[in-house]
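Let's take a walk through this structure, one site at a time. Have your viewer open and follow along.

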Amino acid sequence: MASASKPTSRRDPGNGPLIAPSILSADFARLGEEVEAVLGAGADVIHFDVMDNHYVPNLTVGPLVCEALRKRGIDAVIDVHLMVRPVDDLVRMFADAGADWISFHPEASEHVDRTIGLIRERGCRPGLVLNPATPLNWLDHVLDALDLVLVMSVNPGFGGQSFIPGALPKLAAIRRRIDALGRPVRLEVDGGIKPDNIRAVAAAGADVFVAGSAIFGSGDYQATIARMRAEVAAAARAAP
Ligand code: DX5
Ligand code: ZN
């Protein structure tokens with residue numbers, strides 16, 4: 001495994017493994033404090049779940065809330081996970097609101113390659129999200145244009161669901177494709193990630209770990225993030 005480069009700033013978190021708390025499980029009435037608390041507790045990236053009650057059966061927050069976090073001084077990477085249809089208007093709005101990474105579901109875009117180009121054109125890093133039943137061939141012609149592949153290990157729409165084990169072979173297959181590509185593409189996993197399964201997920205090749213309920217539902221954000229990081233490090237040590 002390549003040695004981790006040191007982060008140069010909050011917006012450039014280096015190439016080591018990243019812990020990304022999902023705001024979906026935060027106390028929305030105190031969102032700014034919650035985001036500061038997880039960053040103070042050692043989180044690397046803020047995962048920002050956007051749901052439209054159309055692509056998924058739930059409704060969350062939009063670009064105004066992302067902008068409010070920036071105005072408050074949050075300077076960490078904001079990783080926007082768009083669970084919306086259509087996609088492109090919200091890409092523009094989130095780029096203007098201070099997003100760093102923007103991921104979308106290919107089934108929700110009429111023109112996947114165009115949406116990827118739009119995200120990059122707007123100065124953000126593009127990611128493609130694969131649901132549990134979405135096949136890997138969506139990556140065939142676009143992997144080289146991506147900075148991030150996000151594997152859903154639950155069906156999108158809600159926090160607190162159980163990890164779907166079929167995500168493990170999927171992660172391993174994508175890891176092989178990324179390694180063969182020879183350029184850095186982040187492999188993120190989202191859904192049901194806990195301290196007791198994160199080691200297996202890291203061993204399968206993920207390097208960005210979204211966790212909502214496991215972190216925000218724990219009494220001690222710092223201890224939970226530290227435990228997750230230790231498990232990821234244990235997977236790296238055990239790697240051949
Ligand atoms: C689900 C969201 C996830 C969710 C994860 O649609 O994309 O980011 O917040 O929550 P947990 O970690 O509780 O499964
Ligand atoms: Zn998410």
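What follows goes from the metal site to the empty spaces, then to the aromatic pairs and two backbone details.

Keep in mind that this is a predicted model. A good place to begin is the zinc ion (ligand 2). On the protein side, its donors are His47 through NE2, Asp49 through OD, His81 through ND1 and Asp190 through OD, at 2.1 to 2.3 Å from the ion. The site of the zinc ion (ligand 2) has 6 donor atoms in total, and with angles of 69 to 171° among them it comes out as octahedral. For reference, the ideal angles for six octahedral donors are 90 or 180 degrees.

Read along the chain, the donors of the zinc ion (ligand 2) have the spacing H-x1-D-x31-H-x108-D. Two of these donors link distant parts of the chain: Asp49 sits in strand β2 (residues 45–51) and Asp190 in strand β7 (residues 186–190), 141 residues apart. Are these two aspartates buried or exposed? Asp49 has a relative accessibility of 4%, so it counts as buried. Asp190, at 8%, is buried as well, because the cut-off is under 20%.

Now for the empty space. Rolling a probe the size of a water molecule over the atoms shows where such space is left. The largest pocket has a volume of about 1,200 Å³. Its lining takes in 41 residues, and those nearest the centre of the pocket are Asn15, Gly16, Arg175, Arg186 and Asp207. Helices α5 (167–181), α6 (198–203) and α8 (221–238) are the elements that give two or more residues to this lining. Of these, α8 supplies the largest share, with 6 residues. By residue type, the lining of the largest pocket splits into 24 nonpolar, 11 charged and 6 polar.

There is also 1 cavity of 30 Å³ or more. The space inside the largest cavity comes to about 190 Å³. Its lining has 24 residues, and the closest to the cavity centre are Phe158, Gly159, Gly160, Asp190 and Gly191. So here you meet Asp190 again, the residue that also serves as a donor to the zinc ion (ligand 2). The elements giving two or more residues to the cavity lining are β2, β3 (77–83), β8 (208–211) and α7 (213–216). Sorted by type, that lining holds 11 nonpolar, 10 polar and 3 charged residues.

Next come the aromatic contacts, of which a search of the whole structure turns up 2 pairs. In one of them, the rings of Phe48 and Phe94 have centres 5.7 Å apart and planes at 70°, so the pair is edge-to-face. Phe48 belongs to strand β2 and Phe94 to helix α3 (residues 88–96), so the contact ties together parts 46 residues apart in sequence. Both Phe48 and Phe94 are buried. Phe216 and Tyr221 also pair edge-to-face, with 5.5 Å from centre to centre and 75° between the planes. Phe216 is buried at 9% relative accessible area, and Tyr221 is buried at 15%.

To finish, look at the backbone. Most residues other than glycine have a negative phi, and most peptide bonds are trans. Arg85 and Pro86, however, are joined by a cis peptide bond with omega of about -5°, and Pro86 lies in the loop between β3 and α3. Asn53, a residue other than glycine, has a positive phi near 55°. You can find Asn53 in the loop between β2 and α2 (63–72), where it is exposed with a relative accessible area of 52%.

Technical notes: Residues numbered from 1 in each chain as written. Chains lettered and ligands numbered in written order. Predicted model: local features only at pLDDT ≥ 70, side-chain atom pairs only at ≥ 80, totals over all residues. Heavy atoms only, no water. Donors = N, O, S within 2.8 Å, 3.2 Å for Na, K, Ca; no water. Tetrahedral: all angles 85-135°; square planar, octahedral: opposite > 155°, others 65-115°. Helix = DSSP H or I, 4+ residues; strand = E, 2+ residues; numbered from the N terminus. Buried < 20%, exposed > 50% of the residue type's maximum accessible area, 1.4 Å probe, protein only. 1 Å grid on protein atoms, 1.4 Å probe; cavity = no way out; pocket = protein on both sides within 12 Å on 5 of 7 lines; lining within 4 Å. Points joined across faces, edges and corners; volume = space filled by probe spheres on them. Nonpolar A, V, L, I, M, F, W, Y, C, P; charged D, E, K, R; others polar. Phe/Tyr/Trp six-rings, centres within 6.5 Å; stacked < 30°, edge-to-face > 60°.
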